[in-house]
Amino acid sequence: MDELEIKKLWQTTNDKLEKSFVIDKKNTEEIARIKIYSILGSMKPIKVFALFVGILWVGIGGIALSSIYLNSFNEANKFFLFSASIQVGLTAISLYIYLYQLITIYQIDITEPIIKTQEKLSSLKISTLWVTRLLFLQLPVWTTFWWNETMLTDWGILQWIMTLFFTLSFTVIAIWLFFNIKYENRNKKWFQLIFSGKEWTPLMKSMELLEQVEEYKDQNAST
């Protein structure tokens with residue numbers, strides 16, 4: 001075999017290897033897209049259910065509170081009114097985020113570039129953290145909605161100490177969670193206890209799949 005034949009054989013072999021790498025890379029990305037599409041699809045039912053229940057809650061609560069503000073504000077229990085208003089308001093903001101997330105999930109296209117999918121997953125991650133922070137901010141008002149004016153005149157010091165202890169404790173917890181629920185704390189036990197369901201686990205699995213695809217592409221690029 002002369003030198004020219006050897007060069008041709010080497011070139012043919014090299015071309016076949018390059019085509020094999022391209023096909024393997026393409027198949028890996030396509031399989032990852034299919035898996036991600038399927039995993040994120042499992043999040044849709046819980047998002048739809050949360051939206052449905054939330055819309056009912058905010059709708060009924062909003063109508064009732066509007067009626068109180070317009071027709072019987074002076075006679076209403078202000079503790080209940082303001083506590084319920086804060087709770088319904090935070091829930092309404094959370095509903096907007098849930099709607100945004102659901103739209104984002106439906107917009108994820110199995111054929112779109114990996115980079116676009118990464119951007120949408122990052123957006124879902126950030127919005128999930130924010131909606132959880134907002135929902136935990138409701139904790140204090142769940143301890144004050146039942147307060148009334150008779151407490152100011154009829155309650156003793158011990159009753160007030162116990163009541164304020166629970167309210168202040170829930171307030172501290174809510175504020176602490178608001179500032180500490182962030183992605184950097186994802187490996188901590190308390191974080192995993194909060195984020196261990198259909199709204200977080202599929203998202204993390206999808207992000208891990210994309211990271212594996214990127215690592216695979218980097219390995220092939222360096223070989």
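The exercises below, each with a worked solution, concern a predicted model of a protein chain.

**Exercise 1. Describe the make-up of the protein chain in helices and strands, and state what share of its residues counts as buried.**

Begin by listing the elements: the protein chain has eight helices and zero strands. Reading from the N terminus on, the order of the elements is therefore written α-α-α-α-α-α-α-α. Turn next to burial, where 32% of the 223 residues of the protein chain count as buried. Finally, look at the contacts in the protein chain with a separation of 6 or more, of which 76% are accounted for by residues 24 or more positions apart.

**Exercise 2. Work out how helix α2 is oriented relative to helix α3, and which classes of residue form their contact.**

Start with the two axes: those of helix α2 (residues 44-71) and helix α3 (residues 78-107) come within 9 Å of each other and cross at roughly 150 degrees. Because angles over 145 degrees count as roughly antiparallel, α2 is roughly antiparallel to α3. The handedness comes next, and here α2 passes α3 in a left-handed crossing. The residues of this contact can then be sorted into 21 nonpolar, seven polar and two charged.

**Exercise 3. Carry out the analysis for α3 and α4, naming residues that meet in the contact.**

The axes of α3 and α4 come within 10 Å and cross at roughly 165 degrees, and these two helices are therefore roughly antiparallel to each other. In passing α4, α3 makes a left-handed crossing. On the α3 side the contact includes L90, I93, I97 and Y100, while the residues they and their partners meet in α4 include K120, L124, V131 and L135. Sorted by class, the contact of α3 with α4 has 10 nonpolar, seven polar and one charged residues.

**Exercise 4. Determine how α4 and helix α6 are oriented, and list the residues that make their contact.**

The axes of α4 and helix α6 (residues 157-180) come within 8 Å and cross at roughly 170 degrees, and the two helices are therefore roughly antiparallel to each other. From α4 the contact is made by W130, R133 and F136, and from α6 by A174, L177 and F178. When these residues are divided by class, five are nonpolar, none is polar and one is charged.

**Exercise 5. Identify the residues that touch the most other members of the largest nonpolar core, and the elements that give two or more residues to this core.**

A general tendency is useful background: in soluble globular proteins, nonpolar side chains tend to be buried together. In this model the largest nonpolar core has 21 residues, and L40, L121, L129 and W200 touch the most other members. The elements that give two or more residues to this core are α1 (3-41), α4 (114-136) and α8 (201-222), and α8 gives the most, with five residues. To see one of these residues in its surroundings, take L121 and leave aside its neighbours within four places in sequence: L121 is then in contact with L40, L203, S206, M207 and L210. There is also a second, separate core of 13 residues, which includes L51, A84, L90 and V131.

**Exercise 6. Decide whether L81, Q87, W142 and N185 are buried or partly exposed, and find their contacts beyond four places in sequence.**

Use the cut-off that a residue is buried when its relative accessible area is under 20%.

- L81 is found in helix α3, and with a relative accessible area of 0% L81 is buried. Its contacts are L65, I68, Y69 and F73, and its C-alpha atom is separated by 9.7 Å from that of W146, 65 residues apart along the chain.
- Q87 also lies in helix α3, and at 8% relative accessibility Q87 counts as buried. The residues in contact with Q87 are W57, Q138, V141 and W142.
- W142 lies in the loop between α4 and α5 (150-154), and its relative accessible area of 43% makes W142 partly exposed. W142 touches W57 and Q87, and from C-alpha to C-alpha W142 and T167 are 8.6 Å apart in space, although 25 residues apart in sequence.
- N185 has its place in the loop between α6 and α7 (189-194), and at 8% relative accessibility N185 counts as buried. N185 touches N180, W190 and F191.

Note on methods
Residues are numbered from 1 along each chain as its sequence is written. This is a predicted model: local features need pLDDT of at least 70, side-chain atom pairs count only at pLDDT 80 or more; totals for chains, interfaces and linings use all residues. Side-chain values use heavy atoms; hydrogens and water are left out. Axes are lines fitted to C-alpha atoms, for helices over the stretch in contact, and angles run from 0 to 180 degrees between N-to-C directions. Helices (H or I, at least four residues) and strands (E, at least two) are DSSP runs, numbered from the N terminus. Angles under 35 degrees count as roughly parallel, over 145 as roughly antiparallel, 65 to 115 as roughly perpendicular and the rest as oblique. A crossing is left-handed if the near helix is turned anticlockwise from the far one by less than a right angle, and right-handed if clockwise. Ala, Val, Leu, Ile, Met, Phe, Trp, Tyr, Cys and Pro count as nonpolar, Asp, Glu, Lys and Arg as charged, and the others, Gly among them, as polar. A nonpolar core is a set of buried Ala, Val, Leu, Ile, Met, Phe, Trp, Tyr and Cys residues joined through side-chain atoms within 4.5 Å. Buried means under 20% relative accessible area, exposed over 50%, partly exposed in between (1.4 Å probe, protein chains only). Contact means heavy atoms within 4.5 Å.
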